[in-house]
Amino acid sequence: MIRLDGIGARYAAYMAALTLAVVAVALAAAGFMAFRQLRLIQGEIHGAVAAARATDEEKALRGSVSYLAGRLFNPAHQLDVERLWEEITLAREWLPIVSFAVVGSDRRILADDTPGFTRYGDLVEGPLPSLRSPAPLIVTRGKETEVRFLVHSGDVVAGWGVLVLSEAPWRGSLRGLEESTGALWAAHRVSLASLGALAFLVTLALGLVTSGLLSRSLARPLAEMSRAAAQIASGNLDERVDVRYPGELGELARALNSMAAELAAHGDALRSERADLARKNAELERFSYTVSHDLKSPLVTIRGFASLAENDVAAGAGARVQDDLARIGSAADKMHALLEDLLELSRVGHVVHPPEDVPLTELAREAVELLRGRLVEKGVAVEIAPDLPVVRADRRRLLEVLQNLIENAAKFTGDQASPRVEVGLREDPGRRVFFVRDNGRGIEARHLERVFELFAKLESSAEGTGVGLALARRIIEAHGGRLWAESEGRGHGTSFCFTLEGA
Amino acid sequence: MVSCRSSGHALLCAALAVLAASTANTASAVPQPASLPRVLRFGVIAEEPNEPGKMLRVYGPLLARLREQLRPGGIELQPLVVTRDLDELAGCLTRGEVDFVIETVFPTLALHEHGAKLASDLVVLRGGKREYHSVFFTRLDAPIRTLADLRGRTLVLQALRSTSAFALPRAELARAGLAVVPADDALASKAAVRYLLAGSEVNQAVWVLHRRGDAGAFNERDWATLPEKMRAQLRLFHETRPIIRGLLSFRAALDPGVRARAREALLGLSADDAGRAALAAAAGISRFELLTAADRAEIGSWRAALRAVGAR
């Protein structure tokens with residue numbers, strides 16, 4: 001069952017209406033022409049038959065009248081009414097007589113066809129043939145034909161015959177012909193009407209089926225694509241349309257699907273950028289807060305010790321002045337370190353070194369080498385997987401990442417008697433994950449993300465500015481990868497994992 | 001049907017009758033053994049020579065019924081003998097080719113005059129009437145009031161053998177002392193009543209109305225059945241005394257046994273519906289009755305009247 005709605009239904013209705021209108025006009029025109037032609041043929045046949053019959057039958061009628069006149073002469077002349085009655089009775093057997101009267105020479109009826117001679121003596125009005133013009137007078141009135149004929153022999157006139165026939169015989173034949181042809185025409189008209197009705201119904205059925213098929217092939221895909229576009233517009237970017245349609249419809253479907261895919265991609269990118277922007281805004285807020293807070297702290301220290309140094313100078317306490325100046329210097333160094341880290345952080349993502357092939361095993365060893373003093377001091381053993389792949393990356397930045405992660409691991413060994421750091425690679429579904437794993441104090445799940453915040457320190461006594469992990473994440477993200485922390489909680493160590501685009 | 005003619009055709013008629021008889025039984029020229037069935041033949045005069053089958057249609061049912069009645073008595077009713085006129089019928093009777101006839105009084109008397117030996121046994125009742133009479137009529141505007149007014153005028157009659165429309169009026173005129181002669185009789189007295197023969201009752205009326213004659217005469221039943229428009233233009237001015245409606249007469253030489261048996265059968269025809277229907281078909285016969293002495297006396301008087309006018 002073809003289901004039509006919306007544009008499909010309208011399209012089908014338009015097509016059906018158009019088809020029906022065309023067929024109806026064609027049928028009406030053909031029917032009118034056929035009917036008119038039939039009427040012309042009928043009229044011609046009627047006329048031809050009438051003319052032929054009229055000629056022949058009038059001759060026959062005149063012959064019959066002549067015969068009757070001969071039969072009637074003697075009895076009329078002899079006033080033999082009995083014999084006239086017999087002749088009239090005989091004539092009724094072979095002529096369609098309505099009335100028959102024999103008129104005497106006094107123009108009064110002598111005998112007629114009624115059993116009681118009811119018209120006897122009636123005067124006959126109107127013209128009657130005479131010896132000078134003896135031809136019968138034939139007058140047709142409606143369906144009846146009156147014939148007045150002279151009954152004479154030579155110059156002797158015995159009277160007249162007045163004969164009324166129910167109709168001229170030829171008219172009867174003609175009427176029969178007309179009735180039969182009329183029935184034929186009527187049957188023909190019924191056939192034409194039936195044929196027209198059948199053609200109409202067939203056309204209607206064909207029109208509906210054709211319209212339905214056309215609707216399926218044209219309008220329905222459009223409707224489907226319209227619905228898909230609406231779905232896409234409402235945000236369902238996974239909506240797709242069937243691209244098997246031929247020609248322009250297929251191209252349109254493909255374009256729609258392509259548009260949906262691009263919109264989805266752009267949407268993803270937009271959402272990602274929006275998340276990134278939100279994260280950066282948060283980071284910036286924290287940065288502003290941290291900067292204002294953490295930079296304020298050394299300044300307060302410097303300001304305080306400067307005031308103390310002023311007092312101590314005034315008091316002449318040279319030893320305390322030295323101590324005050326040392327503290328002022330330390331606070332200034334701290335501020336310098338903070339500002340350096342901030343500067344470095346701001347550079348990440350803006351200053352990009354040309355990418356190069358970087359063997360990660362080698363790079364990890366280089367990082368360990370740079371941190372050797374601290375690692376030895378902490379007694380941390382570092383194990384580097386020997387088969388780490390070569391990746392295409394900014395070598396210096398990636399080295400900073402590994403340094404930060406290994407240093408961070410060495411920093412939080414906790415109570416571990418045998419602190420150990422492992423640099424390796426694992427295969428997750430669809431991606432390769434590099435990790436720097438330690439067996440240190442671990443991180444609670446609720447802090448796994450916080451450690452990447454700028455200046456974030458889970459322990460206030462911890463060394464450093466709290467910028468390292470934030471810096472590492474930004475570098476990894478600048479390489480199209482991700483950096484995150486995994487830990488099963490305190491005492492279970494921590495794994496810092498990252499991916500790299502193309503790795 | 002066997003038809004006989006008078007004079008020149010008598011021999012042929014006889015031969016045909018003989019042939020017919022021989023076809024039915026054996027040759028009549030040969031004396032019939034007593035064991036052979038006896039025969040009876042009915043003869044009529046054709047009223048309309050142009051329609052020979054009419055008499056067969058009229059008398060066919062009657063003869064069929066009569067044949068059924070006679071056959072158990074060993075009498076075989078022969079086919080109807082149709083003759084052309086009175087002379088021919090008289091000849092057939094004389095030669096024994098017809099055994100009985102049904103006629104009105106005057107034709108019956110005429111048959112006697114023509115030599116046929118007849119014995120009238122039964123009266124024929126038609127329309128339930130035993131007798132009828134003739135009426136004289138003329139135009140409404142005619143000055144004729146009595147039979148005497150017909151003197152020197154023309155009377156339209158039907159046919160020579162008609163009782164009511166010829167013989168009876170003629171006898172009535174004779175009884176009134178008027179001479180009646182054919183219209184074309186150039187030697188007749190101017191005072192005589194001249195007659196024309198119109199051939200039928202309705203023609204008689206028309207001829208009178210068209211002044212071809214001054215008056216006419218036929219029986220009262222003809223007057224009653226005359227077309228209304230004609231009767232309205234005519235008036236009656238005289239009627240005759242009644243006369244027996246008809247007579248059934250046997251050939252005088254017919255075997256008495258056959259005659260008696262036939263008479264008995266004819267009288268019995270009106271006893272049942274089938275017989276009455278057959279009788280009615282025969283020109284409206286109601287039944288037959290035996291001729292009484294009074295009837296015979298009346299017939300005798302009419303015979304005298306007939307002879308008085310010298311009618312044929």
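This report walks through a predicted model of two chains, A and B, from overall make-up to individual helices, loops and contacts.

**The two chains side by side**

Here is a quick overview of each chain before we go into detail.

| Chain | Residues | Helices and strands | Buried residues | Contacts at least 6 apart in sequence that join residues at least 24 apart |
|---|---|---|---|---|
| A | 503 residues | 10 helices, 12 strands | 29% | 63% |
| B | 312 residues | 11 helices, 17 strands | 42% | 76% |

**Nonpolar cores**

Let us start with the interior. The largest nonpolar core holds 111 residues, and within it A:Leu84 and B:Val124 touch the most other members. Leaving aside residues up to four places away in sequence, A:Leu84 touches A:Leu72, A:Pro75 and A:Ala76, along with A:Val102, A:Leu110 and A:Ala111. Another core, of 42 residues, lies apart from it, and its members include A:Ala367, A:Leu371, A:Ala472 and A:Leu483.

**A helix pair in chain A**

A:Ala367 also turns up in a helix-to-helix contact. Helix α7 of chain A covers residues 360–370 and helix α9 of chain A covers residues 395–411; their axes come within 9 Å and cross at roughly 55 degrees. Angles from 65 to 115 degrees count as roughly perpendicular and those under 35 as roughly parallel, and α7(A) and α9(A) are therefore oblique to each other. Their crossing is right-handed. On the α7(A) side, the contact is made by A:Leu363, A:Ala364, A:Glu366, A:Ala367, A:Val368 and A:Leu370. Facing them from α9(A) are A:Arg395, A:Leu398, A:Leu399, A:Leu402, A:Gln403 and A:Ile406. Sorted by class, this contact has nine nonpolar residues, one polar residue and two charged residues.

**A helix pair in chain B**

Chain B offers a pair of its own. Helix α4 (residues 105–113) and helix α5 (residues 163–175) of chain B have axes that come within 9 Å and cross at roughly 70 degrees. That makes α4(B) roughly perpendicular to α5(B). From α4(B), the residues in contact are B:Val105, B:Phe106 and B:Pro107, and from α5(B) they are B:Thr163, B:Ala167 and B:Leu168. By class, the contact of α4(B) with α5(B) counts five nonpolar residues, one polar residue and no charged residues.

**Enclosed helices of chain B**

Helix α3 of chain B spans residues 86–94, and eight of its nine residues are buried, so it is largely enclosed by the rest of the structure. Those buried residues are B:Leu86, B:Asp87, B:Glu88, B:Leu89, B:Ala90, B:Gly91, B:Cys92 and B:Leu93. Just after α3(B), B:Gly96 takes a positive phi of about 75 degrees.

For α6(B), nine of the nine residues are buried, so this helix too is largely enclosed by the rest of the structure. Its buried residues are B:Glu201, B:Val202, B:Asn203, B:Gln204, B:Ala205, B:Val206, B:Trp207, B:Val208 and B:Leu209.

**Where the chains meet**

The contact between the chains draws 12 residues from chain B and nine residues from chain A. On the side of chain B that touches chain A, α6 (201–209) and α8 (228–231) each supply at least two residues. The largest share of that side, four residues, comes from α6(B). By class, the chain B side divides into five nonpolar, four polar and three charged residues.

**Two arginines with positive phi**

Following α6(B) is B:Arg211, whose phi is positive, near 65 degrees. B:Arg211 sits in the loop between α6 and β13 (215–219) of chain B. A residue counts as exposed if 12 or fewer other C-beta atoms lie within 10 Å of its own. B:Arg211 has 10 other C-beta atoms within 10 Å, so B:Arg211 is exposed.

In chain A, A:Arg107 likewise has a phi near 65 degrees, a positive value in a residue other than glycine. A:Arg107 is found in the loop between β1 (97–103) and β2 (109–112) of chain A. With 14 other C-beta atoms within 10 Å, A:Arg107 is partly exposed.

Key:
Residues numbered from 1 in each chain as written. Chains lettered and ligands numbered in written order. Predicted model: local features only at pLDDT ≥ 70, side-chain atom pairs only at ≥ 80, totals over all residues. Axes fitted to C-alpha atoms, helices over the stretch in contact; angles between N-to-C directions. Parallel < 35°, antiparallel > 145°, perpendicular 65-115°, else oblique. Left-handed = near helix turned anticlockwise from the far one by under 90°. Contact = placed C-beta atoms within 7 Å. Nonpolar A, V, L, I, M, F, W, Y, C, P; charged D, E, K, R; others polar. Core = buried A, V, L, I, M, F, W, Y, C linked by C-beta atoms within 7 Å. Buried ≥ 20, exposed ≤ 12 C-beta atoms within 10 Å, placed from the backbone.
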